[in-house]
Amino acid sequence: MVGTVDGHEDERRVRVADLVLRLRRAGISDRRTVAAIEAVPRDVFVPGESRADAYAERALPIDCGQTISAPLIVAMMTAALDVGERDKVLEIGTGTGYQTAILARLARRVYTIDRFRTLVAAAESRFRTLRIGNITTLVGDGTKGWPEQAPFDRIMVTAACEEIPDVLLKQLRIGGVMVLPVGPAEDVQKLLRIVRTENGPAITELADVRFVPLIPGKAARL
Ligand code: SAH
């Protein structure tokens, strides 16, 4: 039917345009980051009951008692990771797979780990629906990283670490970048950008953030 407007698509376009404007105002101008955020439909990743708020500037609850970060935090972390198109990226904390899908648009391949089987299965089904083919998932303990696939060019952790995880730092190539929240669980953490240099980690603080904690071990249920 010529000239028909799909109401849903139309609404998504308005919400995405508004989000891009917010990114610009917040000083996130990196072209590739903005393009990736424009291209990944956030509403596909949030649970049905929160869908009306999918593009709102706040974190939302997802399955297994976890949360998807607010859009600006996702954008800030993505821009800070500075992913190149040939990069091999490790992400700890798949959650809904939203951040994973954004990284997948920027990188050669993304390896992502979550401790909940349920979350990984749902994320995989979204990747299939959106025909994203360069993501490899694992249900497991992200605190161990993914030694078989190391070294990585980039590592992102989307759960709060009590301290900078040495295991992950060792799986980053020299010159590689890691972005992660570090600080006490159930409190405010510092979002850090770490470059692994020959002389050790070079650390920059980016912002105060609040993430669900990184919990060692694979989830026994779910
Ligand atoms: N980035 C996600 C949100 C992540 S929420 C998104 O875009 O939707 C944090 C995630 O980290 C949760 O799904 C939680 O299960 C996971 N997580 C916590 N501890 C973990 C661990 N040790 N290994 C792997 N994943 C872990």
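1. Cys161 is buried, at 3% relative accessibility. This is a predicted model, and in it Cys161 takes part in no disulfide. Cys64 is buried as well, with a relative accessible area of 17%. The sulfur of Cys64 has its closest cysteine sulfur in Cys161, 19 Å away, which is too far for a bond. A disulfide would need the two sulfur atoms within 2.5 Å; the count of disulfides in the model is 0.

2. The ligand is surrounded by 24 residues, of which Thr96, Asp114, Asp141, Gly142 and Ile215 come nearest. An N or O atom in the side chain of Asp114 is 2.6 Å from an oxygen atom of the ligand. On the backbone side, an N or O atom of Gly93 lies 3.4 Å from a ligand nitrogen atom, and a backbone N or O atom of Arg115 lies 3.3 Å from a nitrogen atom of the ligand. On its own the ligand has 580 Å² of accessible area, and the protein covers 99% of this.

3. Arg115 also enters a second kind of contact, through its side chain. The charged end of Arg115 sits over the ring of Phe116, 5.3 Å from the ring centre. Arg115 thus appears twice in this note: with its backbone at the ligand and with its charged end over Phe116.

4. The model has 3 aromatic pairs. One aromatic cluster is made up of Tyr111, Trp146 and Phe152. Phe152 has a further partner in Lys88, whose charged end sits over the Phe152 ring at 5.7 Å from its centre. In the chain, Phe152 is where strand 6 (152-157) begins, and Lys88 is where strand 3 (88-92) begins.

5. Trp146, a member of that cluster, is placed in the loop between strand 5 (135-139) and strand 6 (152-157). Is this loop residue buried or exposed? Trp146 counts as buried, because its relative accessibility is 9% and the cut-off for buried is under 20%. Trp146 is also brought together with Gln171: the two are 25 residues apart in sequence, with 7.9 Å between their C-alpha atoms.

6. The loop that holds Trp146 also holds Pro151. The peptide bond from Ala150 to Pro151 is cis, with omega near 0 degrees. Most peptide bonds are trans, so this bond is one to look at when the backbone is checked.

7. Two residues other than glycine have a positive phi and are listed here. Asp82 has phi near 55 degrees; its place is the loop between helix 3 (71-81) and strand 3 (88-92). Glu186, with phi of about 60 degrees, lies in the loop between strand 7 (172-182) and strand 8 (189-197). Most residues other than glycine have a negative phi. As for cover, Asp82 is partly exposed, with a relative accessible area of 46%, whereas Glu186 is exposed, at 65%.

8. Helix 4 (residues 98-106) is mostly covered, with 8 of its 9 residues buried. The buried residues of helix 4 are Tyr98, Gln99, Thr100, Ala101, Ile102, Leu103, Ala104 and Leu106.

Conventions: Residues are numbered from 1 along each chain as its sequence is written. This is a predicted model: local features need pLDDT of at least 70, side-chain atom pairs count only at pLDDT 80 or more; totals for chains, interfaces and linings use all residues. Side-chain values use heavy atoms; hydrogens and water are left out. Buried means under 20% relative accessible area, exposed over 50%, partly exposed in between (1.4 Å probe, protein chains only). Rings of Phe, Tyr and Trp (its six-membered ring) pair if their centres lie within 6.5 Å; planes under 30 degrees apart count as stacked, over 60 as edge-to-face and the rest as tilted. A charge sits over a ring if NZ of Lys or CZ of Arg is within 6 Å of the ring centre and within 35 degrees of the ring normal. A residue is near a molecule or strand if one of its heavy atoms lies within 4 Å of it. A polar contact is a pair of N or O atoms within 3.5 Å; within protein, one must be able to donate a hydrogen and the other to accept it, and residues adjacent in sequence count only if both atoms are side-chain atoms. Accessible areas come from the Shrake-Rupley method with a 1.4 Å probe; for residues, only the protein chains shown count as cover. Helices (H or I, at least four residues) and strands (E, at least two) are DSSP runs, numbered from the N terminus.
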